[in-house]
Amino acid sequence: MASQPRPSRIWLPLAAGRNHTDGAEYRGAQAPVRDDLREAHRFILDHVRSPGTWWTGAERVEIAAEARGATRCALCRERRKSLSPGAVQGRHDGPHALAESVIDAVHRIRSDPARLSRRWFDGVIASGLEVGRYVELVSVTSLIAGLDYFARALGVEPLPLPPPRPGDPSRHRPGGAKECGAWVPMIDPADAAGAEADLYGGGAFVPNIVRALSLVPDEVRVMRRSSDAHYVPLAQIPDPTYHRALARPQMELVATRVSALNQCFY
Amino acid sequence: MAGETVDLAAVTETAAGDAGVEHGGRLLAFTDAAMGEDDALLDRERRALCAVLSPEAFIDACALVAAFNVVDRIADATGIPLDPMLHAASGDVRAELGLARFGSAANTPGAG
């Protein structure tokens, strides 16, 4: 679906007023970034650049570049201001290496996630995007949003996107994925067996947010690693006494405020 | 969280107070700025937050902004419903916050 990404779109120029960092070392940051976060960020970038389940490494880096580019896209800006995002037509700022329907999905997820709807999703799939590819695209787009928001909060430039690794997607289609009330099929914890036996860590309660990407199991694994480092390990979430340098009420205040600003019901 | 009182309205409104949480006002202002587009405001709020928190706690705040921008997008883009157990446990809080007005509430039967 894509040609090789253009190097000029992979390595972002520095913007005035923000500190340059030395890759995921964050050496230019105002405060030292703890080791597990830096390791998680390196892991995420390496994951993004590697061949995935349905997309090549080059396509995944291009998806990441589009996710980042959506923050500066004129069409996305106009749509956010519109009562209905579908009322504003046009082309996203480009050029692009991916199909227009893919670009549109990435930009919508990055720039206006609160107004995604079942009808919109059905249209994306009807346009020819296979649901496994969609799930993988959601993961890459969301992970890059996380890295970019971390950099913005910290006051440094976003980490440069790495060059893609060569290779073919695995095309691994897990057994056990089925309709569970979400837009996309998911693997029920009771069906996580064989290659997916590790998927949920054996916990008694697996919330839907952990299952959401399970049609592409590797994306669950990287999302869990990301969440463990940035928030709280899955097994510790129900424990109100678990905290980091911030007290748990402070953590939940920030987390809930972000979700409220994103208008996310979940 | 047990035994502590948090001002829930502060989560969904522009609040001037601390929401019942130590340095809550600074944390909310920093979060709002990080989610916005005003770089100068974010610089001010970052400095103000760093003045009252340890460097490690400041990094935690940055990480939480990142984490929930990931999970919110995954939740909204996959159309997952809120888990019945969580829905039942948080019903009163969700009603108080008026979260059913969010479009993604449509993904959870009985939420809207």
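**View 1. The right-handed crossing of helices α10(A) and α4(B) in the predicted model.** In this view, helix α10 (residues 248-261) of chain A packs against helix α4 (residues 55-78) of chain B, with an angle of about 40° between the two and their axes 9 Å apart. Because of this angle, α10(A) is described as oblique to α4(B).

**View 2. The residues that meet where α10(A) packs on α4(B).** From α10(A) come Met251(A), Val254(A), Ala255(A), Val258(A) and Ser259(A), and these meet a set of residues in α4(B) that includes Ala61(B), Leu64(B), Val65(B) and Phe68(B), as well as Asp60(B), Asn69(B) and Asp72(B). Sorted by class, this contact has 8 nonpolar, 2 polar and 2 charged residues.

**View 3. The side of chain A that touches chain B.** Across the two chains, 66 residues of chain A are in contact with 58 residues of chain B. The elements of chain A that give two or more residues to this side are α6 (118-126), α7 (131-154), α8 (208-211), α9 (217-230) and α10, and the largest share, 14 residues, comes from α10(A). By class, this side of chain A has 41 nonpolar, 17 polar and 8 charged residues.

**View 4. The contact between the two assigned domains of chain A.** The domain assignment gives domain 1 (7-154) and domain 2 (177-261), and the centres of these domains, taken over C-alpha atoms, are separated by 20 Å. Their contact takes 18 residues from domain 1 of chain A and 13 residues from domain 2 of chain A. On the side of domain 1 that touches domain 2, the helices α2 (35-49), α6 and α7 of chain A each supply at least two residues, with the largest share, 8 residues, coming from α7(A).

Notes: Residues are numbered from 1 along each chain as its sequence is written. Chains are lettered from A and ligands numbered from 1 in the order in which they are written. This is a predicted model: local features need pLDDT of at least 70, side-chain atom pairs count only at pLDDT 80 or more; totals for chains, interfaces and linings use all residues. Axes are lines fitted to C-alpha atoms, for helices over the stretch in contact, and angles run from 0 to 180 degrees between N-to-C directions. Helices (H or I, at least four residues) and strands (E, at least two) are DSSP runs, numbered from the N terminus. Angles under 35 degrees count as roughly parallel, over 145 as roughly antiparallel, 65 to 115 as roughly perpendicular and the rest as oblique. A crossing is left-handed if the near helix is turned anticlockwise from the far one by less than a right angle, and right-handed if clockwise. Two residues are in contact if their C-beta atoms, placed from the backbone, lie within 7 Å. Ala, Val, Leu, Ile, Met, Phe, Trp, Tyr, Cys and Pro count as nonpolar, Asp, Glu, Lys and Arg as charged, and the others, Gly among them, as polar. Domain bounds come from an automatic or database domain assignment.
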